[in-house]
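Reader: Please take a close look at the aromatic rings in this model, with the charges placed over them and the contacts between them.

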Amino acid sequence: MGNKQPISVLVVVHTADLQVLLLERADYPGSWQSVTGSREGEETPLQTARRELHEETGLDASHYVLSDWGVQNRYEIYPKWRHRYPDGVTHNTEHVLGLMLPAPLAVTLAPREHLAWRWLPWQTAAEQVFSPSNADAIRLLPARLARAAQPA
């Protein structure tokens with residue numbers, strides 16, 4: 001029985017021209033994803049996102065635009081990963097956030113977590129990720145950026 005919280009973040013790291021950063025999972029080679037991670041303690045989604053961004057990419061979110069998209073996905077935890085959670089936990093709630101960078105940057109991976117990284121145009125990135133909720137989040141990007149660009 002694990003002690004992972006069934007609350008996580010998915011952070012779409014992207015540029016203003018809609019390029020998206022993907023990471024290849026070390027425990028699942030060939031599987032690409034955005035930055036993800038489970039909440040620790042009483043963290044807010046923004047706090048979890050900042051910590052996971054730093055751990056998984058070395059990026060300091062305070063230098064860029066990190067936004068909570070107000071989107072939550074609830075999904076069933078794959079049986080092979082349920083041992084990481086308390087007994088009886090079968091579903092996870094994922095909060096979707098975005099981190100906008102001025103240009104595609106090189107990142108520093110956590111070697112135990114990821115094997116490789118790449119920047120891709122958003123359409124290609126959405127096709128490459130293994131998680132449907134990750135693909136959906138990437139597909140929200142153009143509309144999100146269009147809204148953000150409108151004057152208040």
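Author: R118 lies over the face of W32, at 3.8 Å from the ring centre. This is a predicted model. A second charge sits over a ring at W81: the charged end of K80 is 4.9 Å from the centre of that ring.

W81 also takes part in ring-to-ring contacts. The count of aromatic pairs comes to 3. One of them joins Y28 and F130, with 5.7 Å centre to centre and 70 degrees between the planes, an edge-to-face arrangement. This pair links distant parts of the chain, 102 residues apart: Y28 is in the loop between β2 (19–25) and β3 (32–33), and F130 is in the loop between α2 (122–128) and α3. Both rings are partly exposed, Y28 with a relative accessible area of 33% and F130 at 25%.

Another pair is formed by Y78 and W81, whose ring centres are 5.5 Å apart. Their planes stand at 75 degrees, and because angles over 60 count as edge-to-face, the pair falls in that class. The two residues differ in accessibility: Y78 is partly exposed at 43%, whereas W81, with a relative accessible area of 13%, is buried. W81 counts as buried because its value is under 20%.

Y28, Y78, W81 and F130 together form one aromatic cluster. The ring under the charged end of K80 therefore belongs to a buried residue of this cluster.

Technical notes
Residues numbered from 1 in each chain as written. Predicted model: local features only at pLDDT ≥ 70, side-chain atom pairs only at ≥ 80, totals over all residues. Heavy atoms only, no water. Phe/Tyr/Trp six-rings, centres within 6.5 Å; stacked < 30°, edge-to-face > 60°. Helix = DSSP H or I, 4+ residues; strand = E, 2+ residues; numbered from the N terminus. Buried < 20%, exposed > 50% of the residue type's maximum accessible area, 1.4 Å probe, protein only. Lys NZ or Arg CZ within 6 Å of the ring centre and 35° of its normal.
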